[in-house]
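Reader: Could you go through this one with me? I'd like to ask about a few side chains as we look.

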Amino acid sequence: MLPDPSILLDKVAFRLLLRLSSRQFSTTCGVRAGDKWRKENGLSRTGSEYGPLTDLPDWSFADGRPAPPLKGHLKRKQQREDIARRIVMLSSEVDMGIEAWREKQEEAKRVEEHKKSLLLKPKGKLMNKKTPS
């Protein structure tokens, strides 16, 4: 039994509608303007990550006193301190790991030398024979 021709026509029209309507949308990700140039010139990815516009206070008193720090400044300062502490901690862990590895290698070398010293030594005529080098 053949399907109803109106259903087939609806399916074809729906597919055509999908194909035509999908051309109206962009599926690419957004690109930040100037991102590549900033990276090439040693600047931050965006203009607001770090630098004088974000690190320096927005204003100061007329008599020269500095303005109290803003919440964003305090938050960035705390984040930087946390990152610095983490770097120091991880660096010390790496140093301890390297030292433990060296000690393990030295211990393995000592054990190997001890095993060699326990082997039987040649005696008599075998001691006098020269080994080919």
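Reader: Is Trp59 buried, partly exposed or exposed, and what is its relative accessibility?

Author: Bearing in mind that this is a predicted model, Trp59 comes out at 41% relative accessibility, and because the partly exposed class runs between under 20% for buried and over 50% for exposed, Trp59 counts as partly exposed.

Reader: And which residue does Trp59 form an aromatic pair with?

Author: The structure holds 1 aromatic pair, and in this pair Trp59 meets Phe61 edge-to-face, with 5.1 Å from centre to centre and 85 degrees between the planes. Phe61 counts as partly exposed too, with its relative accessibility at 32%.

Reader: What sits over the ring of Phe61?

Author: That is the charged end of Arg65, which lies 4.1 Å from the centre of the Phe61 ring.

Reader: Changing topic, how many salt bridges are there?

Author: The count comes to 5 salt bridges, and we can look at some of them in turn. In general, side chains of opposite charge can pair when their charged atoms come close.

Reader: OK, what about Arg80, which residue does it form a salt bridge with?

Author: Arg80 forms a salt bridge with Asp55, and the closest N and O atoms of the two are 3.1 Å apart. This pair links distant parts of the chain, since Arg80 belongs to helix α4 (residues 71–118) while Asp55 belongs to helix α3 (residues 52–55), and the two are 25 residues apart.

Reader: Are those two buried or exposed?

Author: Neither label fits, as Arg80 is partly exposed at 41% relative accessibility, and Asp55 is partly exposed with a relative accessible area of 35%.

Reader: Which salt bridge does Arg85 form, and how far apart are the atoms?

Author: Arg85 pairs with Asp82, where the closest N and O atoms are 3.4 Å apart. Both residues are in helix α4, and because they are 3 residues apart there, about one helical turn separates Arg85 from Asp82. Arg85 counts as exposed at 53% relative accessibility, whereas Asp82 is partly exposed at 39%.

Reader: And where in the chain are Glu107 and Arg110?

Author: Glu107 and Arg110 are in helix α4, 3 residues apart, so they are separated by about one helical turn. Their side chains meet in a salt bridge, with 2.6 Å from N to O.

Reader: What are the relative accessible areas of Glu107 and Arg110?

Author: Glu107 has a relative accessible area of 38% and is partly exposed, and Arg110, with 48%, is partly exposed as well.

Conventions: Residues are numbered from 1 along each chain as its sequence is written. This is a predicted model: local features need pLDDT of at least 70, side-chain atom pairs count only at pLDDT 80 or more; totals for chains, interfaces and linings use all residues. Side-chain values use heavy atoms; hydrogens and water are left out. A salt bridge is a side-chain nitrogen of Lys or Arg within 4 Å of a carboxyl oxygen of Asp or Glu. Helices (H or I, at least four residues) and strands (E, at least two) are DSSP runs, numbered from the N terminus. Buried means under 20% relative accessible area, exposed over 50%, partly exposed in between (1.4 Å probe, protein chains only). Rings of Phe, Tyr and Trp (its six-membered ring) pair if their centres lie within 6.5 Å; planes under 30 degrees apart count as stacked, over 60 as edge-to-face and the rest as tilted. A charge sits over a ring if NZ of Lys or CZ of Arg is within 6 Å of the ring centre and within 35 degrees of the ring normal.
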